[in-house]
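Q: Could you take one part of this model, look at it closely, and then explain how the rest is put together around its sheet and cores? I would like the terms explained as they come up.

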Amino acid sequence: MLALKLSFLLLVLASENVAIVAGSPLPWFLPGPCDSDPCKNSGKCTVVPFSYTCACADGWKGSICTVKDSGISLLIVKPCESSPCKNGATCTDKDDTFECACEDGYLGETCSPERIQCENPLDLLFVVDASSWQITGDFTHVTDYMSDLIDWLKISDLAVKAGVIAFSYKADTRVIFLPDAYSDASQLKNAIGNLKKNGPKIFYGHEGYTAKALKLANDEVFKTADQHPNAAKAIVLLTPQVPLDSKSDAIEEAKELRAKGVKIVSIDLVNVFKAFFKDQSVCNELTKISSPLKPIASAYDKLDEHVREVTNLLCSFTKDPCEDMDCGKRKICSYDRDTASCICNKTNCEAQPCDETPCKNDGECENVDKETFKCNCTEAWTGETCQEKGKVTWSVKSPCNPVICGNKIPTTPQPPSPTPAPPVQPLSPTLSPLTQPPSPTPAPPVQLPSPAPAPPVQLPSPTPAPPVQLPSPTPALPVQLPSSTPAPPVQLPPTPVAPPTQPGELSCPTVVEKKGCFKEDQKPPRLLPNYILTDRDSSLKIYSGQGVDWRNWVNYLPDLVCRCAQLAKSKKFKFFGIQYYGECWSGPAQDESSFKEDGSSTECVNTDWKECSDQSKFACAGKQFNNYVYAIVS
């Protein structure tokens, strides 16, 4: 009777028509982890690979919901209360931070619609178990997962290239295609979609030649440690079983691969058999193969939940080949999978004195000759490199009174309001020769004083004359006399006040006009050639001192645009662009054709991470290799 039950059980497990996976209800004749109601106090039990989890009811916590929740934490503002996760994502509090579980099509810390793609060189190899005993539907989940992963990577000659090795029987373990085979994502996905599991074969022996597959990776894919030195190297190994040819050989082949700089990400495919018996043998062997990285355990139909995790892991292996290159101001870094070099970015690549940006505090540098420079400082700075604060002394009579030349009101006490002057009296011979303002009524002739060192005084006309306007005061006069009639008060120019805005709208002291989103192929000469500010690269001299504030993007981006506008204006540039989310590029271009040569683009985002509208008031930024261009209009 027992033998009959076991035979029936094995028949069901082997059937392709019954797909039982971890996380799904088990058949009635198999007990599940949640059947014993392990979650107490109305907690909800959920099956996971090898175990279960409890979602506790309000007022309870702990692994099986047996610990009373004091409720003190309710008085603390938790990170998720600010709703940081976007686009339908689920937020989970993690101590003083949060974690977002994104919906399909979204990625990143807050689940923005921008898919994070590896843009640096990476040689990727999928090593896939295609053993015939796997359920066809399960193997389809594997190829779908590989295809989904490709969607999150940038496939090109300068970014990610991927190949495939499939293994099962010894004779059928082979390289399907090398990473150099495809440079286009759609062609690569088609090739992966054509991958099928093996059919059962008689007298072929056992399947699961993992060690041979890793040896092929050593011999035919990652041949030497210095192969493609600019590209990171990684293997994604997907298998539901231990190496059946040789565990020790598999470990040794993996060790040799790691010595060449190859990272191994292993995924333990959990079928119903392992889930039921909580089999850890595969996980233990994969730990030895992929060390120091830990294997990822997943049911076949849950593989799509690990796309984000593996994508971020692969991206973390890569590095920008230009990161350590110092190309100066007149060259840019260019690279492929093998080399990186500095190429000319301007018509004249010879170094100039201003290339080192010697002028400080927004001073404009001017090349005098090949060895000397001149700094044109702003009003508030002085010195050879604009390094000293300028000293400004105001005079009441100065034509550069702050009322005219600046925005600050002088602190010198103002003269009292003028009152009507008495009639002009003849000057005493002992007084200084000051000219009195004429009376608004006819005045009798004024008697000249006795001869004195002073020059003769011009007499007013004996006939009625219109009121005479005093000439502008000159430095020779120590005091400016009040007018004979009350003067109107001086009207100061109003200080510009930015109107109230919604978060994300532009309101800069330097008025700008949005011109649109344009491509930037980065081939010399660049369309906006002057790299004047960055919030991304702290190793550059033009680093602002603050990084890109991804969490507060809605307020960060308008501030970046305003800072870029102010700096471009100080350098007397008319146009500037925001590129790669946190870079400011500008230059001496005077017409719009200069930044439109590579064509318009849709690869720009606003403060809501949506596609930009040129008619809206919201700030916009270009992604990598794209500029969102603004014009300075004031």
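**A helix, a sheet and two cores**

A: In helix 10, the buried residues are W553, Y556, L557, P558, L560, V561, C562, R563, C564, A565, L567 and A568, where buried means under 20% relative accessible area, exposed over 50% and partly exposed in between, with a 1.4 Å probe and protein chains only. This is a predicted model, in which local features need pLDDT of at least 70 and side-chain atom pairs count only at pLDDT 80 or more, while totals for chains, interfaces and linings use all residues. Residues are numbered from 1 along each chain as its sequence is written, and side-chain values use heavy atoms, with hydrogens and water left out.

Helix 10 covers residues 553-570, and its 18 residues reach 26 Å from the first C-alpha to the last, close to the expected 26 Å; that expected span is 1.5 Å times one less than the number of residues. After helix 10 comes K572, which has a positive phi near 65°. Across the protein there are ten helices and 25 strands, which are DSSP runs numbered from the N terminus (helices are H or I with at least four residues, strands E with at least two). Of the 634 residues, 37% are buried.

An open sheet of six strands follows the order 9-8-7-10-11-12 with mixed pairing, and two strands pair if DSSP finds at least two bridges between them. Its edges are strand 9 (174-177) and strand 12 (296-299), each of which pairs on one side only. On average, neighbouring strands of this sheet are turned by 25° against each other, direction ignored; the axes are lines fitted to C-alpha atoms, for helices over the stretch in contact, and angles run from 0 to 180 degrees between N-to-C directions.

Inside the sheet, strand 10 and strand 11 pair in the parallel sense over seven bridges, and I235 stands opposite I264 in strand 11. Helix 3 packs on the sheet and touches strand 7, strand 8 and strand 9, its direction making about 140° with that of strand 9. Helix 7 (residues 281-290) also packs on the sheet, touching strand 10 and strand 11 at about 170° to the direction of strand 11.

Strand 7 and strand 8 run parallel and are joined by eight bridges, with L122 opposite V160 in strand 8. In a regular strand the side chains alternate between the two faces of the sheet. Both faces of strand 8 are covered, with V160, A162, V164 and A166 buried on one side and K161, G163, I165 and F167 buried on the other.

The largest nonpolar core has 39 residues, and those with the most contacts inside it are L124, F126, L238, I267 and L314; such a core is a set of buried Ala, Val, Leu, Ile, Met, Phe, Trp, Tyr and Cys residues joined through side-chain atoms within 4.5 Å. Among the elements that each supply at least two residues of this core are strand 7 (122-129), strand 8 (160-167) and helix 8 (307-317), and helix 2 gives the largest share, six residues. Leaving out residues up to four places away in sequence, L314 touches C118, L122, L124, L149, L153, A234 and V236, where contact means heavy atoms within 4.5 Å. Apart from this core lies another, of 32 residues, and C562 is among them, together with L506, I532 and C604, which leads back to helix 10, where C562 is buried.
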